[in-house]
Amino acid sequence: MTIRIKELLWIVFVGIGSTTYAQKSFKLTSPDGHLVTTIQTGNELTYSVDYKQENILLASPIALTPTTGSVEAPQVKSAKGKIQQIKQTIPSPFYRKSEINDHYNELKLSLGKQWSIEFRAYDDGVAYRFVNHSKKPFHIEKETVRYNFPDDLMATVPYVARGEDGNYESQFHNSFENTYTTLPLSELNKKRLMFLPLVVQTKNGTKICITEADLENYPGLYLSSAEGGNSLSGVQPAYPKTTVQGGHNNLQFFVTARESYLARVEGARTFPWRTMIITGNDTQLAESDMTYKLASPSRLKDISWIKPGKVAWDWWNDWNIDGVDFVSGVNNPTYKYYIDFASKHHMEYVILDEGWSVNGEADLMQVVKDIDIKELIDYAEARQVSIILWAGFHAFNRDMENICKHYSAMGVKGFKVDFMDRDDQEIVAFNQRAAETCARYKLILDLHGMYKPAGMNRTYPNVLNFEGVHGLEQMKWSPASVDQMKYDVTIPFIRQVAGPMDYTQGAMRNTARNSYFPCNSEPMSQGTRCHQLALYTILESPFNMLCDNPSNYMREPESLEFITQIPTVWDETRVLDGQMGEYIVTARRKGNVWYIGGITNWTERDVTVDFSFLNNASFRGVMFKDGVNAHRSARDYTKKELETISPVNIHMAPGGGFVMKLVLP
């Protein structure tokens, strides 16, 4: 890591230029000068934001209130400020690029002896966080987070899909999976919480993506429009007081009562970053690295054992293999078939999803009679394949240390932990503890049933994937009215800004708009085959699953060969074109090989891929694109060789896509 820190010898306040003089107003400007954040102190602490001389956020209050006791509240009136400029390079293994240029201006305000607040201004956004310096334990009673917008702007938001309107407690237990709703701020459902990230768009087209980063041992943030006006306000679940076991196969805990405070604080600590990613260009939004930049640096000294890769997955396809001489299901012959498939096609992992341990017992030491895990591990190791185990939240949490020790010693390489379905402080702390424990035993971790990532993949690089996405699993049960194609071209600009996702693409049964229907045992995708292929380039999943069954893949050898070659982590990423909710074209490089993928919503469209970013380098390549009848038979595609540096015009069918592989000398 290279770092350059330059203290700026000025701070704007009525013409006074001192870095430590107490002020009432402070201005922080982004390195390129386009973003200006004005922080006001007095009876309360507020900040406002201008972007390219457009006011995009009116003065909005922020506060952190401890319970009465030995820790004082932040002393806003006596604020003292200091600005510095930071330039550094951050290594980013297992990410969309191998390193990140991190350049920002930072204002640190002292708010008395025990508190400070930090603001950062990047060229593409603004973030702030509170810092406590007391060594004494205390509780956080309340946090004030508010976004006051200058007009009734359009917002694209994911509502919590569970619970009763007006009953926040019932909404706090949710899977963080839903499609997006786009409405003016004034028309948002005032009785339903929105989870992060979400996007607000100004009348000039500037997009503001709101999320949080470096979320550790603290409740997650929701937003609500309940207070009316052109504002969104933060809501957080209080600390659980009592819980009851239940839910899916007895693997969850439901909160039955909460404390009067949000969080317990053991001593000096930083709090999560409240983040606005701001840009007038949709492609820049999809390229943002702000969440990763704001996360705490890696706490793992050795990451050489962490191996991202492709996964042969059983659950989505319902173990429906054919052409074999045994009854498929949760048994050793079936998983050996999956292992042979993974080995033949150079895939790194096979996952044993739900069903290998006894249902209802929440005990990962109780294995069903038809599974011999050690036999499968040995069989897989002989074929250079590794085994990952699925684990429900309670089953993993109740005996985490012994489970990790036992299965690591046996040869298991990681866990997919599922059904947390909350983000109060208790669950957020569990995720960190799971990451730490797995790392000690050299186990990778896929956090399913999970809120959005907030930088944990930087702090604990063994956490490769997060769910918090309305992924392809939804097509097992969602009605035809669900528009997954629009969702697919929205998440790269919103959800993926927060980090990688367990979307689980790769369906070989593909349907045109009027042909899709939900089917649990033989599921299908909306949209074309090339749309599915392109998702392996568009979406980010270092631990990336092939959702369909081996039998279906082997009937489609061209698609299978192409998918299995695509890397899951990258040296470089560029979003070449796109518009949120409409389409996107993304290029990613690993070594000397580029992959370029594009997808569209249900609107057919033509796009042009310009290879100028290759600097006139020659290449040989291949392209899959929608066939002439893909609008009728979504499996229809054409494959062609590419040997040109001239721009290529490509037609995408409704719900369609394309993908290229370009090999440079």
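Helices and strands are here DSSP runs, numbered from the N terminus, and in these terms residues 28–297 of the chain are 6% helix and 50% strand, with the end C-alpha atoms of that span 24 Å apart. An unreviewed UniProt entry places the feature "domain: Glycosyl-hydrolase 97 N-terminal" at these residues, 28–297. The structure is a predicted model, and its mean pLDDT is 95, with 97% of the residues reaching 70 or more. Residues 7–23 call for more care, as pLDDT stays under 50 over this stretch, for which the model has 37 contacts beyond four places in sequence. Where pLDDT is low, the predicted coordinates should not be read in detail.

A parallel sheet can be followed next. It is an open sheet of 7 strands, which stand in the order 28-27-26-25-24-23-31. Its edges are formed by strand 28, at residues 463–466, and strand 31, at residues 543–546, each of which pairs on one side only. From one strand to the next, the twist of this sheet averages 25°. Within the sheet, strand 24 (residues 349–352) runs parallel to strand 25 (residues 386–392) and is joined to strand 25 by 4 bridges; Ile-351 has Ile-388 of strand 25 as its bridge partner. Helix 4, which spans residues 332–344, packs on this sheet and touches strand 23 (309–312), strand 24 and strand 25, while its direction makes about 160° with that of strand 24.

An antiparallel sheet follows. Here 6 strands form an open sheet in the order 32-33-34-39-36-37. Strand 32 (572–579) and strand 37 (637–642) each have a single partner strand, so one side of each of these edge strands is left without a neighbour in the sheet. The twist in this sheet averages 10° from one strand to the next. Strand 33 (residues 583–590) pairs with strand 34 (residues 593–600) over 8 bridges in the antiparallel sense, and Val-585 has Gly-598 in strand 34 as its bridge partner.

Two helices also meet the strands of this sheet. Helix 11, at residues 529–538, packs on the sheet and touches strand 33, strand 34, strand 36 (620–626), strand 37 and strand 39 (657–663), its direction making about 130° with that of strand 34. Helix 13, at residues 557–565, lies across strand 34, strand 36, strand 37 and strand 39, and runs at about 60° to strand 39.

At the edge of the antiparallel sheet, strand 32 is joined to strand 33 by 7 bridges, the two running antiparallel, and Thr-573 stands opposite Arg-588 in strand 33. These two strands form a hairpin with 3 residues between the strands, in which Gly-581 takes a positive phi near 85°. For residues 569–662, UniProt lists "domain: Glycosyl-hydrolase 97 C-terminal oligomerisation", again from an unreviewed entry. This span is 0% helix and 56% strand, and its end C-alpha atoms lie 17 Å apart.

The interior remains to be considered. Rolling a probe the size of a water molecule over the atoms shows where empty space is left. When a cavity is taken as a set of grid points where a 1.4 Å probe fits but cannot get out, the count comes to 7 cavities of 30 Å³ or more. The largest cavity has a volume of about 100 Å³ and is lined by 13 residues, of which Leu-215, Glu-216, Ala-454, Gly-455 and Met-456 lie nearest its centre.

Definitions and conventions
Residues numbered from 1 in each chain as written. Predicted model: local features only at pLDDT ≥ 70, side-chain atom pairs only at ≥ 80, totals over all residues. Heavy atoms only, no water. Pairing = 2+ DSSP bridges. Axes fitted to C-alpha atoms, helices over the stretch in contact; angles between N-to-C directions. Contact = heavy atoms within 4.5 Å. UniProt positions renumbered as here; feature names shortened; annotations may be inferred. pLDDT = per-residue confidence, 0-100. 1 Å grid on protein atoms, 1.4 Å probe; cavity = no way out; pocket = protein on both sides within 12 Å on 5 of 7 lines; lining within 4 Å. Points joined across faces, edges and corners; volume = space filled by probe spheres on them.
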